[in-house]
Amino acid sequence: MAYKERFKVCFCFNRFYRFRETEPPESIRILFQQYSENDIMTIDHLHRFLIEVQGEQNASKDSAQAIFNSSHKHLKFLPRKGFNLDIFIRYLLSDDQNGPLRPLGVHHDMSAPLAHYFLYTSHNTYLTGNQISSNSSIAPIIDALKRGVKVIELDLWPNSKKDDVEVRHGGTLTRPVELIKCLRAIKDNAFSANEYPVVITFEDHLNQTLQAKVAKMVTIMFGELLYRNDAKKLEVFPSPESLKRKILISTKPPKEYLDEESSMEREDSQRQGSSDEEQTQNTYKKKLGATNKVLLDEDEDEDQIFPEYKSLISIHAGKPKGGIDDCLIDTNTVRRLSLSEQELENAVKTHGATIIRFTQRNLLRVYPKGMRLDSSNYDPMLGWTHGAQMVALNMQGHAKFLWIMQGMFRANGGCGYVKKPDFLLPAGDHMVFNPSAPPPVKKFLRVTVYMGEGWARDFRHTHFDRFSPPDFFVKVAIAGVPADEARKQTKAIEDDWLPVWDESFVFSLRVPELAVLRLEALEYDTTGVPDFGGQTCLPISELRNGIRAVPLNDKKGNPYKYVRLLVRFEMRSA
C-alpha cells in the first residue's frame, strides 16, 4: 500500500513522492522463505530460526510460543498457524521482544572493591548548560541520577554573606543553587535507578565554620543513608554490594584556606628541624625511590579540617602537588587521585603501566580541561583503557563522547557500575596491559544494516528537507583501544522515509571487552553538513547475535518513540 506525499516548490508548484509502507529487504524475504512453508512461519519454524539465525541456543518451543503469543496481543489479526511475512517483519522490528542487548540484568560480580569497577561519573553535575554563564539547578542532578549516574559533583562556595553554602562554578557567571536543595534532590533520587551506592564528590572552598555547617546538613539530610568509614587508614575500598543504598562523600581539603591557616605552623616546624616522624618518612620515601611530598601534605591538610566534616569523608581525595611519580605512589592506604584530561594524556605517554597498577587498588578520577567552556567532552576511552574508574564527563555536552559513555554504562543491567576486565585488575604474573600494544585479534564482528523506519512519525514532514523526502545513511563505528577504532558508513538512500540499505561491514576486535558500537543515522544535505536522525551506542560485550531491532535516541540520549534500525550482528572468534 502506498500514497503520495506533497512538497511545495517555489510557492507555485507541488512535487509529489510516493510514500510506501515498510517493505523488507530482499535478503530478509529470502530468509523468511527458508524458515517458512507456504508463506507461513509456524512455531516449529520460528523455534529453528531462533536457534540457527538468532544464536539463541537455549531457545525452546515455549520461547517461540511466547513470541507468537506476544505478537498476537499487539495485532488485530494474526493467522492461527503462524507468522506471515508482514508479521515476521513487525516481530523483528519490535525492540521489547527483539532488542540488541542480552537481557542479563546485573550480572557482574558486585562483591569486589570499588576500585575494580568503572563508575558512571558526571562533572559539574549541577550546571544546566555551558561552564561560564548557565544556571546551577537541581534538575540536571535529578536527571543524572534517574539515568543511572553514580558519581555526582558539587562545587561548594560561601554565599555572598559568607554565612551559608551554595553550589556554583567558581570564578564564572554561573548562577548558584543552595546546597541544601542539591542534597535533598540527591536523597530523593539517589536510588531511583537501582540500589547501588552513589558517590558525591565535593570540590569545597569553605572555611571551618562553613565546613561545620555542611557536616550538620549532610548528617541530618542523609541520616542512615550516609556511609562512614571508621578505619583511620583504609587499606581496601568496600564493594558496591556491601554499599547498597549508601551515599559516600569524597573530597579533599580546601587549599586556599589551609595554606593561610597552616603557614605559621609550617615555619615553626622548619626552624626546629626534622622530627623523628619526618626522619621516618624520609627513610620511607627513599625506599620507594621517589618523594612522598604529596601524601605528607595531604596528611597535614587533613589536620586542618573541621573534625565532624572530616568524619563525613569515606573516600579521601587529592590532586597532584608534585610530579606524576609522586602522585602515583601506591601505599597501604587507598585514596582517590584526580587528573585533568590533559594531565592524563601526558602521563600515559611515560607512565601508562604505573597508572594501571595504581588503579588496581586506588581510584582515579579524570575531568575535562578548563578550556571546555561549552561543556564539550573528551574521549573517555583513554581513561578506561588505563583503569580510571571515574571518567567524569559533562552531562550537558550532548555529542559523540557522551553517547559512548551512555553506551558503556548500558552494560551490567545499566546499574552504573561496570566491572573492569581482568587484564586491568591485579594479576599474579604482574603483567600489565598496554593499550598501545593490544593483543592479537580476538573477535570479528559483522554488522549488517538492513533498513530503518519511524522518522515519518517522530519528525515533521519537512524537518530534513523542505522540498523532498530525506536521504538517509548510517554511520557504523567502533570506539575502543586505538587498534580497534574504525568508522564506516552506508550509502545514502534518496527520497525515502523507509530506507533499505542491506549493507554489511566487518570489524576486527582486539579488546572487545572495552569496545562500544556506535550507530548514527544521518540525512545527506547538499550543504555538506548532514542532519541528525538518531543515534545509539551499544557495549559489544553484551550484543546479541542475530537480526535485532535497534531503537535510536536523540542527542540527549532520550529514545525516539518510533525511529529504529533493523541490524544483524554476527560475532565470531578469530
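**Close-up 1. D164 and its salt-bridge partner K213, shown in a predicted model.** At 24% relative accessibility, D164 counts as partly exposed, because the partly exposed class lies between the limit for buried residues, under 20%, and the limit for exposed ones, over 50%. The side chain of D164 meets that of K213 in a salt bridge, with a distance of 3.7 Å from N to O. K213 belongs to helix 8 (residues 208-222), whereas D164 sits in the loop between strand 5 (151-158) and strand 6 (165-167), so this pair ties together parts that are 49 residues apart in sequence. K213 is partly exposed as well, with a relative accessible area of 35%. Side chains of opposite charge can pair when their charged atoms come close.

**Close-up 2. A salt bridge within helix 2, between E52 and R48.** The side chains of E52 and R48 meet at 3.6 Å, taken from N to O. These two residues are four places apart in helix 2, so about one helical turn separates them. An α-helix has 3.6 residues a turn, which means that residues three or four places apart point the same way. E52 is partly exposed at a relative accessible area of 46%, and R48 is also partly exposed, with a value of 34%.

**Close-up 3. Further salt bridges, involving E570 and R568 and a network around E56.** The structure holds 20 salt bridges, and one of them joins the side chains of E570 and R568 at 3.9 Å, N to O. Which of these two partners is buried, and which is partly exposed? R568 counts as buried, because its relative accessibility is 17% and the limit for buried residues is under 20%, whereas E570, at 29%, counts as partly exposed. In a network of salt bridges, E56 is linked with R544 and R548.

**Close-up 4. Two helix pairs and the angles at which their axes cross.** The axes of helix 2 (residues 43-52) and helix 4 (residues 85-92) come within 14 Å and cross at roughly 40°. Helix 2 and helix 4 are therefore oblique to each other, and helix 2 passes helix 4 in a right-handed crossing. In the second pair, the axes of helix 6 and helix 7 (residues 179-189) come within 9 Å, with a crossing angle of roughly 20°. That angle makes helix 6 roughly parallel to helix 7, since angles under 35 degrees are counted in this way. The crossing of helix 6 and helix 7 is right-handed.

**Close-up 5. A nonpolar patch on the surface, formed by I132, L173 and L373.** Together, these three residues have about 270 Å² of accessible area. I132 is placed in the loop between strand 4 (121-123) and helix 6 (139-146). With a relative accessibility of 31%, I132 counts as partly exposed.

**Close-up 6. Helix 16, made up of residues 400-408.** How many of the nine residues of helix 16 are buried? Seven of them are, so helix 16 is largely enclosed by the rest of the structure. The buried residues are L402, W403, I404, M405, Q406, G407 and M408.

How values were computed. Residues numbered from 1 in each chain as written. Predicted model: local features only at pLDDT ≥ 70, side-chain atom pairs only at ≥ 80, totals over all residues. Heavy atoms only, no water. Buried < 20%, exposed > 50% of the residue type's maximum accessible area, 1.4 Å probe, protein only. Patch = residues over 30% accessible without salt bridge, like charges linked within 9 Å, V, L, I, M, F, W, Y side chains within 5 Å. Areas by Shrake-Rupley, 256 points an atom, 1.4 Å probe, with all protein chains shown as cover. Salt bridge = Lys/Arg side-chain N within 4 Å of Asp/Glu carboxyl O. Axes fitted to C-alpha atoms, helices over the stretch in contact; angles between N-to-C directions. Parallel < 35°, antiparallel > 145°, perpendicular 65-115°, else oblique. Left-handed = near helix turned anticlockwise from the far one by under 90°.
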